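Visitor: I have a few questions about this model. Can we go through them briskly?

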Amino acid sequence: MASGAGSSTTTTLTEAIPTIVAAALLELDEGNIVQPLVSDVPFPGAGIIHQTPFIARITAEADDSLASQTLDAGTSDETSPSAATVGVHGAYIHLKDLASLASVGDMAAVAGQLIGQCLVVRKDLDLVTLFTSLTTNQGSAASAVFAPADLYDAYGSLRRYHAPLPYHLVLHPLQIWSSNGLIALFDNSSDAIQSRGLGTVGEDFARYGFAGMAMGFNLWADANIVFNTGNGSGAAFSRGAIKNVRKRDFQIEIQRDAIEVADKIVGSEIRGEAILRNLHGNEMQFPAFS
């Protein structure tokens with residue numbers, strides 16, 4: 001039926017129709033991947049630099065005339081001491097009352113969630129940045145493809161220097177899922193590892209798109225790994241390779257700004273990080289391929 005001249009439509013009633021805004025969706029970030037995998041060190045009390053010295057090993061003698069041996073913290077095969085300087089990491093949002101009252105949903109809660117989320121990202125970024133400080137690098141900026149030998153060599157290196165199990169392999173997603181990434185080692189091609197058979201890593205990748213372990217390593221994907229000119233540095237490591245030093249854990253505070261008719265919502269934590277045992281980690285530097 002054709003509309004008459006006096007029809008009331010959404011066009012004629014534009015000013016009277018309320019606009020309903022859905023609850024806000026937050027942009028997503030990578031989560032807290034690395035921190036649970038490394039050494040956690042509480043650091044209460046005085047001081048801002050946490051140092052971990054290493055005492056060099058001594059050698060047993062094979063006769064009955066023993067010589068006194070020195071306890072020496074200066075000649076260890078690890079960098080001694082391992083020093084982590086703690087500092088404040090934080091973020092704050094200045095939330096006006098009018099903006100809060102006029103918004104759909106609880107914007108103070110959204111602000112708190114965003115602050116917590118950004119601090120988690122900051123911590124993970126700081127930890128994955130340490131991967132480039134590991135002396136042993138199984139790849140290189142010019143590496144074109146993951147090879148089985150890269151994982152063999154990484155595992156062997158950790159065992160050689162007495163790194164305790166379990167071992168973790170943290171890579172950028174594109175270092176795992178790409179034509180020349182880790183997944184290509186288990187793709188059922190003629191040169192793949194364990195290319196056939198029930199319960200193999202290849203079957204896990206084929207069925208689920210992911211495998212929890214590969215070549216003796218627990219496998220983790222972390223999109224916070226930064227690529228510079230196409231290369232990114234993941235790492236194969238034992239827990240003792242890196243230390244995360246906690247001076248004061250996350251806390252959130254609200255301060256009233258009466259003059260601005262607003263709340264200042266502040267979240268912060270005090271922590272630091274450092275390489276602990278350099279020989280208990282291997283840099284895995286490989287390019288990304290889409």
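Guide: Start with a definition: two strands pair if DSSP finds at least two bridges between them. Keep in mind that this is a predicted model.

Visitor: Which residue in S11 does valine 88 stand opposite?
Guide: S4 and S11 are antiparallel partners, with 10 bridges. Across from valine 88, the residue in S11 is isoleucine 270.

Visitor: What is the strand order of the open four-stranded sheet?
Guide: The pairing in this sheet is mixed. Strand S1 (39-42) and S4 are the edge strands, each pairing on one side only. From one strand to the next, the twist averages 30°. The order is S1-S10-S11-S4.

Visitor: What angle does the direction of H2 make with that of S11?
Guide: H2 packs on the sheet and touches S4, S10 and S11. Its buried residues, including Ile115, Leu119 and Val128, pack against those strands. The angle between the directions of H2 and S11 is about 15°.

Visitor: How far apart are the end C-alpha atoms of helix H2?
Guide: H2 covers residues 107-129, which makes 23 residues. At 1.5 Å a residue, the helix should span 33 Å. The model agrees, because the end C-alpha atoms are apart by 33 Å.

Visitor: Which residues touch the most other members of the largest nonpolar core?
Guide: This core has 21 residues. Helix H3 (148-160) and the strands S5 (167-171), S7 (217-221) and S12 (281-287) each supply at least two of them. The residues touching the most other members are Leu151, Leu169, Leu171, Leu182, Phe217 and Met284.

Visitor: Leaving aside neighbours within four places in sequence, what is phenylalanine 217 in contact with?
Guide: Phenylalanine 217 is one of the residues that touch the most other core members. Its contacts beyond those neighbours are Leu151, Ala154, Tyr155, Leu158, Tyr167, His168, Leu169, Gly212 and Ala236.

Visitor: How many residues are in the second, separate core?
Guide: In soluble globular proteins, nonpolar side chains tend to be buried together. Here Val34, Val128, Leu130 and Ile225 are among the members of a second core. Val128 is also one of the buried residues of H2. The second core has 16 residues.

Visitor: Is threonine 135 buried or exposed?
Guide: Threonine 135 lies in the loop between H2 and H3. Its relative accessible area is 62%. The cut-off is over 50%, so threonine 135 is exposed.

Visitor: How far apart in space are threonine 135 and asparagine 282?
Guide: In sequence, threonine 135 and asparagine 282 are 147 residues apart. In space, C-alpha to C-alpha, the distance is 7.1 Å.

Conventions:
Residues numbered from 1 in each chain as written. Predicted model: local features only at pLDDT ≥ 70, side-chain atom pairs only at ≥ 80, totals over all residues. Heavy atoms only, no water. Core = buried A, V, L, I, M, F, W, Y, C linked by side-chain atoms within 4.5 Å. Buried < 20%, exposed > 50% of the residue type's maximum accessible area, 1.4 Å probe, protein only. Helix = DSSP H or I, 4+ residues; strand = E, 2+ residues; numbered from the N terminus. Contact = heavy atoms within 4.5 Å. Expected span 1.5 Å × (residues − 1). Axes fitted to C-alpha atoms, helices over the stretch in contact; angles between N-to-C directions.
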